[in-house]
Amino acid sequence: MKTSALIFKSIEFRREGFYLRADNTFPAGKLTVILGPSGSGKTTLLDLAAGFLKPDRGSIMEGSQDVTSLSPEKRRVGVVFQDNALFPHLSVKDNVAFGPRARGMGRRQAGMVADRYLEMTRISRYAQKKPSSLSGGEKQRVSLARALAIEPEILLLDEPFSSLDASLRRDMRNEVRRIQRETGITAVLVTHDQEEALSLADYLTVMRDGEITQMGSPAELWNFPDNLFTALFLGRSTRLKIDKISILKSNLYSVETAAGSIWVEQEGEIPDLPATLIIRPENLRVSNSGKIRGTVIEAEYSGDQWKINLSVPGNSSDQIEFNCPDAAAPIIGDSVTLLHQPGSVRILPGVVS
Amino acid sequence: MRYLHGKLSGAGVLLWPVLLWIAAFALPLVSVALKAAGSVSELTGVIQSPYYRGVLGFSLKQAALSTLFSVLLGLPGAYFIGRHHFPGRKILRSISTVPFVLPSILAVLGFILVFGNSGLINYIRQSAFNGNKEPWKILYSLRAIILAHMFYNFPLTLRIVGDAWYSLPQSKYDAARSLGARPVKAFFTVDFPRLAPAILTSMVITFLYCFLSFAIILVLGGGPQFTTLEVEIYRLIKYQLDFSRGSGLAIVESITALGLLAVYASIDTVLRRRTADDENAVKIRTPGRISGWKTLPALLYLIPALFLIIAPLISIVVYSFLNRATRASGLHLSLTHWRILSGSTRVGVSVPLKAVIRTFILGISVAGITTFTAALAGWYTAHRKGSVVKLIETMLFIPMGVSTVILGLGYLILTNSIPGGKALRLAALTAAHTIMALPFAYRIISGRLKLISPRIPQAARASGAGPISAFFSVELPLARGAIVTAAVFSMALSAGELNATIILAPSGFTTITLAIYRLIGSYDLFGACALGTVLIVISIISFLTLDKYGEQTL
């Protein structure tokens, strides 16, 4: 299957108080996940890529071809919709054969294409059924097969698992991953579920208020977020407002916060104040030699460990979050000191209001 | 929705619906208005004439009385349907749509068969008193008009108020009871205010139906003391060819009806504001069975109510298989009228058979044009928003509120100024029926198209289908049920229509309703019943398709 990158060049799109900007490349042959809260513009971005919406400015490229002015049927983009949007009056096979037929293929040949993709998505046995008799997971498989059957260069998936329950969701996730690797298609998947995003993505981007904030590998975004929104949206983390930063030596700083004075090792330029300190929970542990102090206000048992929240005297927007094994868990009201790795802490511009 | 590239793309499909609306609806009405405006002296003459004031007064009086009794008769039924379960509840609820699909000429015919001098009720009285009782004479009086309106319209209240009652949360009534209110008090303080908008709606619809009632008045009213504006306009234009005066009366009638609607809208706003924060029931509790002391009143109500709806229709069917050798002799089984209807006379195809054939040809044409037009408009409005959509929806709603006699008058004024004769009249008749059926067909089709997720046509587009191909391969098949319903309903509406038909049909062009009307006039009730039975079958088919597919959208 021929694949090309999906490129948004200086795209602007405005509708009733909503403003979307995008200037990104979704790499060829990779699965890119767009993560963001509802209303951040994820679906709009896909609608632009599919041609259901037209941008006010900028251009959309499939590889080297400018598709901005092409209507959806002229693009080679397969779409898997959130509500699957199967044609209820057609059988499963006819749903999948619809695309090849619409693109001028003969009946028999389209049927063979459909069979191939029904097999790939492992639903051949339902070929003659109507969509209404299938379960949610099976419907999404049909929807996937239908999108692939036009042999698109780009596959768009709009929250494809959101209507499935937890275990089905994991199966379908693996299916999508497998099929994307098998076909080597350029895929863009939209979700608000970060576990899904982290486990699926070759590349991950976080979207906020119509803007893509950062794009990179999941580990990059997790460990080295370059903005506060990404850091806070992706997983739990400790956040402390910075009162003062002093340089100790190159790349090593001492940072004053209400929870104590903390050493930070960070390469590159350090942002000016106002700024916030971010630490992932797994990089904190209880220790008497720790520099970070707080009082336990919440302790939530999650089976293998406790999730502990500390409050910091003097600053209500500060929050410390860390995980603690069962045996050593403090209880609400305890004062705790925490030890951190200086290299696992990030100073990011801005403060949480 | 906002999808599919801008507001006006695809607006080309609106060309036909808009042209049709202008030519077949706006133009005739404007010509009526111009005619009336052209002779202001005629208009003032009409307003000042004691005779026409009397006609207006009678129109209002009979409508008010009919409404009062229809609603009173319907309310207990609404209570039973809304708050109770009983065997036959579903059937009763379903057949309460009968007035929507039953042609008024059949209501008249059924009424005569049940309440007439030698009708069912008199027959029962005669048998009970061994024939020693004077027959009960009710036809051709105000009482007859009111009774006929009542039997025709009370199911409206039954349905509208009954449905509202059903969706009203019982919990609030229960709360009032637990706080110490007696049932009657709890009803009047808690349930009634929230039912008021539904009761008002059913009253206004009934009033308008009665105010604009035509066939019932025409047949049962008789003489000049029992005439309404609608019938008077018809007489003026049909027999006196006085279009100016007819137009003047049409203006008076329209203003009265519109004024009533305006009053209704403002009262309705007030009533709804009072209950604005009233949410629908989270979970509709299954109503209890009728039991205890309520059983007797329920039986006393429900059985006669069912009888009132069904007996006239059954009488029509039964009478079509009967005959009387002479006026004085008894009834006997006979297929005479069906034989005449099936066309086996010596002089070729019989008049009734011709009427059936013409009705079908006319009805099928109307169904085709109406469905096509409604589908175009529905496709445009289904997934778009904005002022154009609102305008189209309003345009397609207005014809519901316009009297068909006035529409017919408009066509007469127009066609009189164009030479063309019979063909032109037929075209006008088809157009009038199309305009009448269009609001219903549009609501049925667009209601279904709106239920299709906008993602489904998009999925077709992404698969490679162009907009037109996506419509034909995906949206149209999905809306097939609605399209069939709209076509059948339009066909039935055309088949049952009398008002515009009696005005516009060229001489020699007899439809089923016209034939029934004439047969009633010549006291050939059995012949009327045979044709009536054909019309009932058409209505039942329409009713069943509507009951299956279109119920929520009407």
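The following dialogue explains how to read several features of a predicted model.

Biologist: What should be known about the model before reading it?

Modeller: It is predicted: local features need pLDDT of at least 70 and side-chain atom pairs count only at pLDDT 80 or more, while totals for chains, interfaces and linings use all residues. Residues are numbered from 1 along each chain as its sequence is written, and chains are lettered from A and ligands numbered from 1 in the order in which they are written.

Biologist: How many residues does each chain bring to the contact?

Modeller: Two residues are in contact if their C-beta atoms, placed from the backbone, lie within 7 Å. Here, chain A contributes 22 residues and chain B contributes 19 residues. On the side of chain A that touches chain B, strand 7 (77-80) and helix 2 (92-102) of chain A supply at least two residues each. Helices (H or I, at least four residues) and strands (E, at least two) are DSSP runs, numbered from the N terminus.

Biologist: Which classes of residue make up that side of chain A?

Modeller: There are 13 nonpolar, 3 polar and 6 charged residues. Ala, Val, Leu, Ile, Met, Phe, Trp, Tyr, Cys and Pro count as nonpolar, Asp, Glu, Lys and Arg as charged, and the others, Gly among them, as polar.

Biologist: In what order do the strands of the open sheet in chain A lie?

Modeller: Strands of a sheet pair through backbone hydrogen bonds, either parallel or antiparallel. Two strands pair if DSSP finds at least two bridges between them. In chain A, an open sheet of 5 strands runs in the order 16-20-17-18-19, with antiparallel pairing. Strand 16 (284-286) and strand 19 (320-325) of chain A are at the edges with a single partner strand each, so one side of each has no neighbour in the sheet. Strand 16 of chain A is joined to strand 20 (residues 335-340) of chain A by 3 bridges in the antiparallel sense; Val286(A) has Leu338(A) as its bridge partner in strand 20.

Biologist: How do helix 3 and helix 8 of chain B pack?

Modeller: Two packed helices are described by the angle between their axes and the distance between the axes. The axes of helix 3 (residues 50-83) and helix 8 (residues 142-166) of chain B come within 5 Å, crossing at roughly 35 degrees. Axes are lines fitted to C-alpha atoms, for helices over the stretch in contact, and angles run from 0 to 180 degrees between N-to-C directions. The contact of helix 3 of chain B with helix 8 of chain B holds 19 nonpolar, 10 polar and 1 charged residues.
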